[in-house]
Amino acid sequence: LNAYPEIVALTPQVNINVFYRNGAMKINGSLSGVDVVNENRLFNTSGYMVEGSWEALEYRTDGIIIGKGLAKKLSVKMGDPISLSTADGIVKNYKVVGIIEFTIASIDDRKGFIRIASARQLLSKNQGYVSDIQVNINNFSNARKVAEKLQPAIPYKVEAWQEASGQLEVGSKLRDIIAISVSIAILIVAGFGIYNIMN
């Protein structure tokens, strides 16, 4: 992947479906094991932090950063312990070192982040194991073309962001249409006003 000129940066992830527990409270969610430095370089995740710091994950093997909505549902705050359980029945305790908010409810209410090495340990996998590789390219609108180019060379599924996040693409197009419509309406009204004054 690093050999392709279109690719600016990439980061590995280990994504797991887990149950978050705090006392009697139990919530189904997702957990991402991330390369802390590369993840921040790709997505500027430190800019979404509400409490704590993104870099704290780098130094805490038992640290976890959770979404603001998830923290509210679990009634936890900075420094509180929570436990995770996987589908295989593995249970591990973590300490909240940060709270993050992306302003997307489906992520903020379900998502947590830990170090990628900790995620591998949770799944009892070796140090080379990853479930996803996130890739950043020069021009995000060319994602489909780059995905088509990469697919024959990679023995795994290659998915453009438009396929993975169809709602974002539809929302972006809708915003563009609304902005153009409003601009045209303003120009028409202004044109009639000028014509009226001159007449």
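Here are legends for a set of views of this predicted model, from the whole chain down to single residues.

**View 1. The whole chain, with its eight helices and eight strands.**
Start by zooming out. The C-alpha atoms fill a box of roughly 80 × 45 × 25 Å along the principal axes. A compact globule of 199 residues would have a radius of gyration near 16 Å, whereas this chain comes in at 22 Å. Buried residues make up 33% of the 199. Among contacts with a separation of 6 or more, 64% link residues 24 or more positions apart. On the outside, the chain exposes about 12,200 Å², and 56% of that comes from carbon and sulfur atoms. As for charge, there are 21 positive and 18 negative ones, and the mean positions of the two sets lie 4 Å apart.

**View 2. Strand E5 and its partners, E1 and E6.**
Strand E5 covers residues 81-86. Five of its six residues are buried, so E5 is largely enclosed by the rest of the structure. E1 runs antiparallel to E5, and four bridges join the two. One pair to look for here is Val18 with its bridge partner in E5, Thr86. E5 also pairs with E6, again in the antiparallel sense, over five bridges. Here you can find Pro81 opposite Lys95 in E6. Follow the chain from E5 to E6 and you trace a hairpin with four residues between the strands; Gly89, in the turn, has a positive phi of about 90 degrees.

**View 3. Strand E7, paired with E2 and E4.**
E7 takes in residues 111-115. Four of its five residues are buried, so this strand is largely enclosed by the rest of the structure. E2 and E7 run parallel, joined by five bridges. Look for Val34, which stands opposite Arg115 in E7. E4, made of residues 63-67, pairs with E7 in the antiparallel sense over two bridges. In this pairing, Ile65 sits opposite Phe113.

**View 4. Helix H5 and what covers it.**
H5 spans residues 116-123, and its buried residues are Ile116, Ser118, Ala119, Arg120 and Leu122. What covers them? Strands E1, E2, E5, E6 and E7 are among the elements that do. Just past the helix, Ser124 takes a positive phi of about 60 degrees.

**View 5. Tyr129, in the loop between H5 and E8.**
Is Tyr129 buried or exposed? With 27% relative accessibility, Tyr129 counts as partly exposed. Setting aside neighbours within four places in sequence, Tyr129 is in contact with Val14, Arg120 and Leu123. That Arg120 is one of the buried residues of H5. Gln13 is worth picking out as well: Gln13 and Tyr129 are 116 residues apart in sequence, yet their C-alpha atoms are 9.0 Å apart.

**View 6. Met49, in strand E3.**
E3 runs over residues 49-52. At 15% relative accessibility, Met49 counts as buried. Which residues does Met49 touch, leaving aside neighbours within four places in sequence? The contacts are Trp54, Ile65, Gly98, Ile99 and Ile100. You have met Ile65 already, opposite Phe113 in E7. Phe102 is 53 residues away from Met49 in sequence, and the two C-alpha atoms are 8.6 Å apart.

Key
Residues numbered from 1 in each chain as written. Predicted model: local features only at pLDDT ≥ 70, side-chain atom pairs only at ≥ 80, totals over all residues. Heavy atoms only, no water. Buried < 20%, exposed > 50% of the residue type's maximum accessible area, 1.4 Å probe, protein only. Contact = heavy atoms within 4.5 Å. Pairing = 2+ DSSP bridges. Rg over C-alpha atoms; globule rule 2.2 N^0.38 Å. Areas by Shrake-Rupley, 256 points an atom, 1.4 Å probe, with all protein chains shown as cover. Lys, Arg positive; Asp, Glu negative; His and termini not counted. Charge placed at Lys NZ, Arg CZ, Asp CG, Glu CD.
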